[in-house]
Amino acid sequence: MEELYSSAIALLNSRRRKARPSLTGPPGGSNIPGLDSMPSLNGTPSLKGTPSLMGVREWLQELGHSDDDVNRLNVIHVSGTKGKGSTCAFINSFLKAHGERTGFPRKIGLYTSPHLKFVQERIQIDSRPISEILFAKYVFEVWHGLSGKISPGPRYLQLLLLVSVHAFLREGIDVAIYETHNGGEYDATNVIQKPVVTGVTTIGMDHVEQLGPLIENIAWHKAGIFKHGSPAFSTFQEPAAATVLQQRAKEKNVALQFIGVNPTLPHNAMALKPEVQRTNCSLAIALASTFLKVKAPQDYCILASQDILQGIEQFSWPGRYHHIVDGNHQWFLDGAHNELSIQKAAQWFVETTLEGQGYLVMSDLNNVELEADVSSTSPPCTRVLIFSHISERDGAALLKGVAEALHRGGLQIQHVILSTYQERQDGAGSMDPCSKTPE
């Protein structure tokens, strides 16, 4: 079975493209075939090259999965720039708590990206990644079901999306929580035509070359998941982004509600630090509550306060504001990979430090690790920043963002280590790569 799993991973990795489409590609313009212009700000779309959504519906039908089959997954669809994964994880935790109390939902699917160590982490059922055996089984069922029938075949993320839908249908889940890959309007996950409810987390300036150049353009894409007949929720946004979301909701005849921080949230819960997690958690409560009102049996259609408290207590999202106590050390792990999120991660470390924590270590699995002893009663400590980054983003800008956030917090770093993603000097390792080295 290990050989079958390795073959599935090799197949997936063979479907990676060399570079993302961008507005400023090779000499003479973009590297997106047929790109002319971005969607205009008045809501009129201009198709840019080949979107990742193209072909997904046909591939699913070739696999025997109709639109009605996909709709029966009872999807909660989430887009945004910051906090998508955390919001999806909170939804999962609340529905799990409700299911344990009432029996519904019985089985919960969760689809997110990227992964930390193993690619099957992206496809979870009942808070556990599907097994290597199941993952390999479903990868090859999808691949062989499409081979030679529709060309060109799916790319890496498209294939993972197809595998997730195939797996969730085969495993008989009651609800599927889907995080978009990139954008929304043309994202492969937008094959979902009738989600139960949709949500948009905080929007910022990320993936600008694909979705920009302005925050209005990015908001236009994020709002692409809105569907007529499905209520929509969003965190409070910058005015320009909020205006676009409202315009798109009106065009689609969608009821859109902006959600602030829920005042009933517990004050000292570790899962709700830093403050941005309170925002993500509040959006998740609105989405989970709406799902239950629509889909749960009448006697169990309310997300009770005990479900919320238990969901927060059992919340787990490894690698995101992740706190581990290891003897005399405390590790603070965060996998932020854009300028906005990485500054939040650094601020989280600073805030925790100011609360009087002892020996602290902050680790950004994609970008940063910090080590500090900042207790007022402890002797001076050595602080080490370990920075590792691999993507199309500007690594120097990310590192600068960390430095600025630490400087504002009054923390000094004595040592900096720039690291690779290799676990060993000989190149061997146990983790599946999250991304391909830019060429």
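# A guided tour of the predicted model

Select Ser14 to begin: at 48% relative accessibility, Ser14 counts as partly exposed, because that value lies between the 20% and 50% cut-offs. This residue belongs to helix H1, which covers residues 2-14. Now add Tyr156 to the selection. Although 142 residues separate Ser14 and Tyr156 along the chain, their C-alpha atoms are 7.8 Å apart. The model under inspection is a predicted one.

## The whole chain

Next, display the entire protein and colour it by secondary structure. There are 13 helices and 14 strands. Of the 439 residues, 53% are buried. The exposed surface amounts to about 19700 Å², and carbon and sulfur atoms account for 52% of that area. Among contacts between residues at least 6 apart in sequence, 69% link residues at least 24 apart.

Then colour the chain by pLDDT. The average for the protein is 84, and 82% of the residues reach at least 70. Select residues 23-38, where the pLDDT is below 50; this stretch nevertheless has 40 contacts in the model beyond near neighbours in sequence. Residues 41-47 also have a pLDDT below 50, with 18 contacts beyond near neighbours in sequence.

## Helix H8 and its cover

Proceed to residues 215-222, which form helix H8. How many of the 8 residues of this helix are buried? The count is 7, and the helix is thus mostly covered. The buried residues are Ile215, Asn217, Ile218, Ala219, Trp220, His221 and Lys222. To see what covers them, show strand S1 (75-79) and strand S6 (197-200) together with helix H7 (208-211) and helix H9 (239-251), which are among the covering elements.

## Thr290 in helix H10

Select Thr290, a residue of helix H10. Is Thr290 buried or exposed? Thr290 is buried, because its relative accessible area is 12%, under the 20% cut-off. Leaving aside residues up to four places away in sequence, Thr290 touches Val197, Pro231 and Phe233.

## The largest cavity

Helix H10 also leads to the next stop, since it supplies 3 residues, the largest share, to the lining of the largest cavity. The protein has 4 cavities of 30 Å³ or more, and the largest holds about 60 Å³ of space. Select its lining: Lys82, Gly83, Ser86, Val276, Gln277, Asn280, Arg320, Tyr321, Ser341 and Lys344. The elements that contribute two or more residues to this lining are helix H10 (275-295) and helix H12 (339-354). By residue type, the lining comprises 2 nonpolar, 5 polar and 3 charged residues.

## The second largest pocket

Keep Tyr321 selected, as this residue also appears in the lining of the second largest pocket. The volume of this pocket is about 250 Å³. Which of the 16 lining residues lie nearest its centre? They are Met270, Ala271, Phe315, Tyr321 and His323. Show helix H11 (305-313) and strand S9 (322-326) as well, for each supplies at least two residues of the lining. In this lining, 9 residues are nonpolar, 4 are polar and 3 are charged.

Note on methods
Residues are numbered from 1 along each chain as its sequence is written. This is a predicted model: local features need pLDDT of at least 70, side-chain atom pairs count only at pLDDT 80 or more; totals for chains, interfaces and linings use all residues. Side-chain values use heavy atoms; hydrogens and water are left out. On a 1 Å grid over the protein atoms alone, a cavity is a set of points where a 1.4 Å probe fits but cannot get out, and a pocket is an open set with protein on both sides within 12 Å along at least five of seven lines; lining residues have an atom within 4 Å of a point. Grid points are joined across faces, edges and corners, and a volume is the space filled by probe spheres set on the points. Helices (H or I, at least four residues) and strands (E, at least two) are DSSP runs, numbered from the N terminus. Ala, Val, Leu, Ile, Met, Phe, Trp, Tyr, Cys and Pro count as nonpolar, Asp, Glu, Lys and Arg as charged, and the others, Gly among them, as polar. pLDDT is the predictor's confidence in each residue, from 0 to 100. Contact means heavy atoms within 4.5 Å. Buried means under 20% relative accessible area, exposed over 50%, partly exposed in between (1.4 Å probe, protein chains only). Accessible areas come from the Shrake-Rupley method with a 1.4 Å probe; for residues, only the protein chains shown count as cover.
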